[in-house]
Amino acid sequence: EAAKAAKELMKYQDKPNGNEKCSNCIQFIPGKTPEADGECKVVEGSISPQGWCTAYSPES
Ligand code: SF4
């Protein structure tokens, strides 16, 4: 598995950026429930569905 980027590097925040948030990003791996923290394919650590970072990529 490729190394993931640090949250700091990607300027991860635990709030959305407008309508952009982890729960509608193609890189998000959901947790057990829609509200639970999940993971990200490119950013390390626990990721909030309400979070956001500079690698945000919208679902098409
Ligand atoms: Fe969230 Fe960024 Fe990962 Fe997308 S790439 S799920 S915005 S942390």
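Where does the ligand sit? In this predicted model, the ligand sits in the largest cavity, and the views below move from the whole protein to that cavity, the shell around the ligand and two individual residues.

**View 1. Overall fold of the predicted model, with 0 helices and 2 strands.** The secondary structure of the protein comes to 0 helices and 2 strands. The radius of gyration is 10 Å, close to the 10 Å that the globule rule gives for 60 residues, so the protein is as compact as a globular protein of that length. Taken along the principal axes, the C-alpha atoms fill a box of roughly 25 × 25 × 20 Å, and buried residues account for 30% of the 60 residues.

**View 2. The largest cavity and its lining.** The structure holds 1 cavity of 30 Å³ or more, and the volume of the largest cavity is about 100 Å³. Rolling a probe the size of a water molecule over the atoms shows where empty space is left. The lining of the largest cavity consists of 13 residues, and those nearest its centre are C22, C25, Q27, C40 and C53. Sorted by class, this lining comprises 12 nonpolar residues, 1 polar residue and no charged residues.

**View 3. The shell of residues around the ligand.** The ligand, which sits in the largest cavity, is surrounded by the cysteines C22, C25, C40 and C53, together with Y12, Q27, F28, V42, V43, W52, A55 and Y56. The shell divides into 11 nonpolar residues, 1 polar residue and no charged residues. Because Gln falls outside both the nonpolar and the charged lists and therefore counts as polar, the polar member of the shell is Q27.

**View 4. V43, a buried residue of the ligand shell.** V43 is found in the segment after β2, the strand that spans residues 39–40, and is among the residues that surround the ligand. With a relative accessible area of 1%, V43 is buried, under the 20% cut-off that defines this class. The C-alpha atom of V43 is separated by 8.8 Å from that of A3, although the two residues are 40 residues apart along the chain.

**View 5. K11, an exposed residue with a positive phi.** K11 has its place in the segment before β1, the strand that spans residues 28–29. Most residues other than glycine have a negative phi. The phi of K11, by contrast, is near 55°, a positive value in a residue other than glycine. K11 is exposed, with a relative accessible area of 57%, whereas V43 is buried, with a relative accessible area of 1%.

Note on methods: Residues numbered from 1 in each chain as written. Predicted model: local features only at pLDDT ≥ 70, side-chain atom pairs only at ≥ 80, totals over all residues. Heavy atoms only, no water. Near = heavy atom within 4 Å. 1 Å grid on protein atoms, 1.4 Å probe; cavity = no way out; pocket = protein on both sides within 12 Å on 5 of 7 lines; lining within 4 Å. Sits in = over half its atoms within 2 Å of the grid points. Points joined across faces, edges and corners; volume = space filled by probe spheres on them. Helix = DSSP H or I, 4+ residues; strand = E, 2+ residues; numbered from the N terminus. Rg over C-alpha atoms; globule rule 2.2 N^0.38 Å. Buried < 20%, exposed > 50% of the residue type's maximum accessible area, 1.4 Å probe, protein only.
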